[in-house]
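Dear colleague,

Please find below the structure that I am handing over to you. My notes on it come after the model.

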Amino acid sequence: MGNFGLCPVCDTPLKESKSKTCSIACRVKRTYLAAISVTEKPCAACKRVLPAEKFARVKNGILNCYCRDCQTVLARRKAEKRGKRQSNYKRRPTAMDPIKSRARHLFQTAVRNGTIKRQPCERCGEKKTDGHHEDYLKPLSVVWLCRKHHRMAHRKPVDTPLAKLDAVDGSGT
Ligand SMILES: [Zn+2]
Ligand SMILES: [Zn+2]
Ligand SMILES: [Zn+2]
Ligand SMILES: [Zn+2]
């Protein structure tokens, strides 16, 4: 029996040349130790090299192949394909926020009596639009956005090139 070296995890002499660890338990531990020693890696979607904390850990400490931001964007795309409305764009009752509901009320009144004229979407020109408030303290100052771009305006920003791709596509709608 030749000398095949020691198990890198527990220093037990190895019995076969092809095995890198002495047991399955040590192999799992070795994978884990290797995974947690990774400090940065490229994201499979946006190709940026990012620190480990930008990735979720899947089983055994291994970092997900997509960064968290890309994961968010990919999950959104999936949800949109399924035709589901994003959870952060649910129509919630507005009574909870008096400033918001006051702004909406003043704005809707101004549209009804013609003080404010509906404009096409600022980003894509779509005629069916909503007034989006960037500042609820300025009830009559809105950005006109179609449903799609309005939804995007309410999303919390995610920092990945994929999100920018999503923001410019579909300019025909
Ligand atoms: Zn071992
Ligand atoms: Zn990414
Ligand atoms: Zn639009
Ligand atoms: Zn809005």
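The following paragraphs cover conventions, confidence, the nonpolar cores and one residue before α1.

This is a predicted model, in which local features need pLDDT of at least 70, side-chain atom pairs count only at pLDDT 80 or more, and totals for chains, interfaces and linings use all residues. Residues are numbered from 1 along each chain as its sequence is written, while chains are lettered from A and ligands numbered from 1 in the order in which they are written.

The protein chain has a mean pLDDT (the predictor's confidence in each residue, from 0 to 100) of 86, and 87% of its residues reach 70 or more. Among its elements (DSSP runs: helices, H or I, of at least four residues; strands, E, of at least two; numbered from the N terminus), β2 (residues 49-51) has the highest mean, 97, and α5 (residues 161-168) the lowest, 76.

The largest nonpolar core (buried Ala, Val, Leu, Ile, Met, Phe, Trp, Tyr and Cys residues joined through C-beta atoms within 7 Å) consists of nine residues: C43, L50, F55, L63, Y66, C67, C70, V73 and L162. Both β4 (63-67) and α2 (68-81) supply at least two of them, and β4 gives the largest share, three residues. A second, separate core has seven residues, including F107, C121, V142 and L145.

V9 is partly exposed, because 18 other C-beta atoms lie within 10 Å (buried means 20 or more, exposed 12 or fewer, partly exposed in between, with C-beta atoms placed from the backbone). V9 and C26 are 17 residues apart in sequence, yet 6.0 Å apart in space, C-alpha to C-alpha.

With kind regards
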